[in-house]
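Please walk me through this structure. I would like to follow its charged pairs, its chain contacts and its enclosed spaces.

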Amino acid sequence: MPRVWSGAAVLVVVLALCLVLPQLYANQFLFFDLMVYLALAQGVNILYGFTGYLPFGYVGFFGTGAYGMSLAVLKLHLPPVPAVLAGGVAAVVLGLVLAPLLRLSGAYFAIASLAASQAVYYVVANPSLTGVTRGPYGISLARVYHPSQSYLVMVGVLGLTLAAVLYLRRSRRGMVLQAIRDDPQSAAMAGVNVVRERVLAWLASALIAGLVGGVFAWQISVFYPATVFDLSTSIMAIVFTLFGGTGTLLGPVLGVTVLFGLYNVIGVSEPQYFQLIYGALIVLLVLFLPGGAASLLKRRGIDVL
Amino acid sequence: MLVYALTAGVLFGLFYSLVGLGLNLVFGVLRMVNLAHGQFVMLGGFAAYLAYVRLGWHPLVTMVVAAALFLGIGYLLYPLFAPRLAASTDPEMISLVFFFGVAEMIQALAVIGFGNNQRSIYAPVFGAAPVRLLGERFPAAWVVSGGVSLLALLAVYLYLYRSRLGYATRAVMASREEALVSGLSVGRISALAFGIGLALAAAGGVLSPFLLGGVNPGVGVGLTMTAFAVVVLGSLGNPLGTVLGGLIYGVSLMLMQSYLSEWTNLLPYLLLLVVLLVRPSGLLGRGVRHA
């Protein structure tokens with residue numbers, strides 16, 4: 001089977017499962033959250049797996065998307081779907097504002113992006129801005145609440161995200177990004193526009209988080225700044241990605257399925273035990289299996305998408 | 001009000017210098033960002049609380065004991081993780097992720113062990129009467145904390161600039177390879193530096209309940225960010241710069257609290273972003289990609 005077709009098959013299977021499973025096990029919120037993390041993990045993957053920038057503050061784009069969508073509904077009276085797009089646009093605008101962060105290397109970038117997400121959070125939640133963002137009092141979108149429609153839109157956003165990663169796995173652009181990650185000087189020598197490619201990957205990953213945040217806001221419809229700017233959202237997306245294996249399509253899918261499942265078994269009532277487990281997982285992965293679970297298969301000669 | 005804000009800023013600044021110095025020392029010697037630094041500070045805070053409530057220890061006694069204990073722990077832990085991380089493809093990034101995992105574990109264990117509640121210590125343990133400084137009255141705990149931080153900073157200065165081991169430590173900071181070639185036992189010096197970094201975190205942590213109003217398992221992330229802001233302000237890898245960074249941070253914090261209190265939460269993050277973006281050369285050029 002040609003490799004492009006096997007990728008498309010993965011995409012179709014994942015989306016079909018997301019559509020069918022809620023009919024078999026009636027817990028739509030669970031599957032919605034699963035899709036949120038599938039998409040966010042792939043967003044982290046696009047940035048970290050393909051360019052080597054680790055965005056600790058990825059949740060900043062998610063929260064910005066949620067607020068962009070909500071304000072588009074409340075202030076501009078847009079219907080929900082265009083409002084979700086507005087959320088994506090808001091996240092891309094934030095990405096453009098923060099693009100200079102890409103000048104920083106490794107650890108500096110990771111920490112600066114965390115600082116940026118916290119700064120956005122404290123601005124949005126600030127009591128002085130109650131007139132604009134409703135400050136710490138949160139948002140209510142009860143008027144447009146429609147869980148089954150927002151579920152379908154989420155399936156669409158997830159499909160878009162998986163297609164984007166598939167494209168990067170199989171295209172010249174994905175190879176270019178990985179070349180930049182591994183050796184920016186040589187890539188620049190080979191005629192690659194390093195800055196443009198990095199910024200594009202950064203904005204794509206911001207767009208994904210913004211769209212996901214927008215649909216998330218629509219789905220839960222009542223939320224506080226702390227809900228959508230919760231650092232543990234970035235942290236879980238990063239851990240899922242690292243666990244599955246970065247730079248692949250299937251790695252993050254695997255990581256989310258296994259760890260999000262684990263989270264739902266033990267994490268919801270006793271989050272500290274789950275936090276302990278994934279903290280230990282990261283430490284062990286970094287020390288003994290830096291390539292994630294996918295590298296176990298690669299080592300046996302199986303090509304992971 | 002201005003004199004009050006400036007003086008309180010210096011007292012808090014000395015404390016933040018102490019918290020930042022441990023992070024900077026570890027970065028300077030190991031070339032690794034200890035993302036769990038704030039969590040170690042948090043453990044120091046809980047040590048002060050538990051020793052005071054259960055054993056009746058004075059916080060300054062706890063401080064000495066906790067610092068010695070963390071020094072030992074750091075020294076013994078170093079060989080378990082550092083050589084493996086240093087041998088990986090991208091030590092800077094991999095070690096960041098590693099310490100991030102450590103931070104998550106410490107925070108989870110703190111919630112399991114101590115609960116999620118905010119704990120505070122009866123403040124007059126340092127003397128009930130406020131202390132007069134420059135015509136303003138300050139809580140005794142602030143003045144004592146500032147003074148103790150200053151003593152700890154002096155001790156680190158004497159170690160780094162007036163002792164054989166400190167001389168060797170600075171050699172490793174300047175160039176790990178050349179220090180190895182000159183026959184210094186880089187591994188032992190680095191283990192000691194990591195231990196001292198944790199000891200400084202614990203020492204600062206013991207003071208933290210008095211300056212920050214209490215301690216809970218969630219304060220670690222914010223403290224790591226603040227420490228990083230302080231360190232970057234001064235310049236990474238330069239211990240004296242951290243003291244300057246801490247003082248600037250403390251004074252701006254107090255000025256914000258006096259004149260723009262609603263926006264105080266933003267300060268460490270904005271300061272960090274502005275410094276990183278506007279003056280990355282303040283990082284001795286190490287923070288910038290060359291391509």
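A:Arg173 and A:Glu197 join their side chains in a salt bridge, with 2.9 Å from N to O. The pair ties together distant parts of the chain. A:Arg173 sits in helix α8 of chain A, residues 172-182. A:Glu197 sits in helix α10 of chain A, residues 194-220. The two residues are 24 positions apart. Keep in mind that this is a predicted model. Over all chains, the count comes to three salt bridges.

How many salt bridges run between chain B and chain A? The count is zero. Polar contacts between the two chains do occur: three residue pairs qualify, both partners at pLDDT 80 or more. The side of chain B that touches chain A draws two or more residues from each of four elements. These are α3 (59-86), α4 (91-114), α9 (219-234) and α11 (267-278) of chain B. Of these, α4(B) gives the most, with 16 residues. By class, this side of chain B has 32 nonpolar residues, five polar and six charged.

Now take the contact as a whole. On chain B, 43 residues are in contact with 46 residues of chain A. Together the chains bury about 4200 Å² between them. Carbon and sulfur atoms account for 75% of that area.

Next come the enclosed spaces. The model has two cavities of 30 Å³ or more. The largest cavity has a volume of about 170 Å³. Which residues lie nearest its centre? They come from both chains: A:Leu114, A:Ile235, B:Leu35, B:Phe100 and B:Val221. In total, 13 residues line this cavity. Three elements each supply at least two of the lining residues: α12 (231-244) of chain A, and α4 and α9 of chain B. The most come from α9(B), which gives four residues. The lining of the largest cavity holds nine nonpolar residues, three polar and one charged.

The second largest cavity has a volume of about 70 Å³. It is lined by 13 residues. Those closest to its centre are A:Gly57, A:Phe61, A:Leu98, A:Ser113 and A:Ala116. Helices α3 (59-74), α4 (80-98) and α5 (106-124) of chain A each give two or more residues to this lining. Among them, α5(A) gives the most, with four residues. What classes make up the lining of the second largest cavity? Nine residues are nonpolar, four are polar and none is charged.

Finally, turn to an open space. The second largest pocket has a volume of about 1200 Å³. Its lining counts 42 residues. Closest to the centre are A:Tyr48, B:Thr89, B:Asp90, B:Met93 and B:Ile94. Chain A supplies at least two lining residues from each of α2 (28-51), α5, α8, α12, α14 (271-288) and α15 (294-299). Chain B does so from α4. Which element gives the largest share of this lining? It is α4(B), with five residues. The pocket lining divides into 16 nonpolar, 16 polar and 10 charged residues.

Some elements turn up again and again. Helix α4(B) gives 16 residues to the side of chain B that touches chain A. It is among the elements that line the largest cavity, and it also gives five residues to the second largest pocket. Helix α12 of chain A contributes to the lining of the largest cavity and to that of the second largest pocket. Helix α8 of chain A holds A:Arg173 of the salt bridge, and α8 also helps to line the second largest pocket.

Definitions and conventions:
Residues numbered from 1 in each chain as written. Chains lettered and ligands numbered in written order. Heavy atoms only, no water. Contact = heavy atoms within 4.5 Å. Buried area = accessible area lost by both parts, 1.4 Å probe. Salt bridge = Lys/Arg side-chain N within 4 Å of Asp/Glu carboxyl O. Polar contact = N/O pair within 3.5 Å; in protein donor to acceptor, adjacent residues only side chain to side chain. Nonpolar A, V, L, I, M, F, W, Y, C, P; charged D, E, K, R; others polar. 1 Å grid on protein atoms, 1.4 Å probe; cavity = no way out; pocket = protein on both sides within 12 Å on 5 of 7 lines; lining within 4 Å. Points joined across faces, edges and corners; volume = space filled by probe spheres on them.
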